[in-house]
Amino acid sequence: MDPATCGVCGTTVDEKPPTWSMQVSERGQRWICETCTRDNLRSIEGKLDEAWW
Ligand SMILES: [Zn+2]
């Protein structure tokens, strides 16, 4: 079990799919679901360093 909640849309899963991405922010780490990753990629990539990947 590797539960995770999308930090953008709030979707909760019992087991985090490998397609989810981890975002590192001041508050720590959060997971972004595949859909939100795609939707927010342009706005996110400008704020994050290499830690994103
Ligand atoms: Zn999401």
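A salt bridge is a side-chain nitrogen of Lys or Arg within 4 Å of a carboxyl oxygen of Asp or Glu. Keep that in mind for the close-ups below, which come from a predicted model.

**Figure 1. The whole chain is built from one helix and four strands.**
Reading along the sequence, you meet the pattern β-β-β-β-α. The chain has 53 residues, and 25% of them are buried. Now think about contacts between residues at least 6 apart in sequence: of these, 32% join residues at least 24 apart. Searching the whole structure turns up two salt bridges, and each has its own close-up below.

**Figure 2. Strands E3 and E4 form a hairpin.**
Strand E3 covers residues 21-25 and strand E4 covers residues 28-32. How many residues lie between the two strands of this hairpin? There are two. The strands pair in the antiparallel sense, and five bridges link them. To find your way along the pair, look for Val24, which stands opposite Gln29 in E4.

**Figure 3. Asp2 and Lys16 meet in a salt bridge.**
The N to O distance between these two side chains is 3.8 Å, which is within the 4 Å limit for a salt bridge. Asp2 sits in the segment before strand E1 (4-5), while Lys16 sits in the loop between strand E2 (12-13) and E3, so this pair ties together parts that are 14 residues apart in sequence. Are the two partners buried or exposed? Asp2 is partly exposed, at 37% relative accessibility. Lys16 has a value of 17% and counts as buried, because buried means under 20% relative accessible area.

**Figure 4. Lys16 also places its charged end over the ring of Trp31.**
This close-up stays with Lys16, in the loop between E2 and E3. The charged end of Lys16 is 4.2 Å from the centre of the Trp31 ring. Which residues does Lys16 touch, leaving aside those up to four places away in sequence? They are Asp2, Ala4 and Trp31. Asp2 is the salt-bridge partner from the previous figure, and Trp31 supplies the ring.

**Figure 5. Arg38 and Glu34 form a salt bridge within helix H1.**
Here the closest N and O atoms are 3.0 Å apart. Helix H1 runs over residues 34-45, and the two partners are four residues apart in it, which means that about one helical turn separates them. Arg38 is exposed, with a relative accessible area of 58%. Glu34, at 36% relative accessibility, is partly exposed. General chemistry helps in reading this view: side chains of opposite charge can pair when their charged atoms come close.

**Figure 6. Cys9 and Cys36 have their surroundings compared here.**
Cys9 is partly exposed, at 44% relative accessibility. Cys36, in contrast, is buried, with a relative accessible area of 8%. How many disulfides are counted in this model? The count is zero. As a reminder, a disulfide is a covalent bond between the sulfur atoms of two cysteines. The count of aromatic pairs also comes to zero.

Methods
Residues are numbered from 1 along each chain as its sequence is written. This is a predicted model: local features need pLDDT of at least 70, side-chain atom pairs count only at pLDDT 80 or more; totals for chains, interfaces and linings use all residues. Side-chain values use heavy atoms; hydrogens and water are left out. Two strands pair if DSSP finds at least two bridges between them. Rings of Phe, Tyr and Trp (its six-membered ring) pair if their centres lie within 6.5 Å; planes under 30 degrees apart count as stacked, over 60 as edge-to-face and the rest as tilted. A charge sits over a ring if NZ of Lys or CZ of Arg is within 6 Å of the ring centre and within 35 degrees of the ring normal. A disulfide is a pair of cysteine sulfur atoms within 2.5 Å. Buried means under 20% relative accessible area, exposed over 50%, partly exposed in between (1.4 Å probe, protein chains only). Contact means heavy atoms within 4.5 Å.
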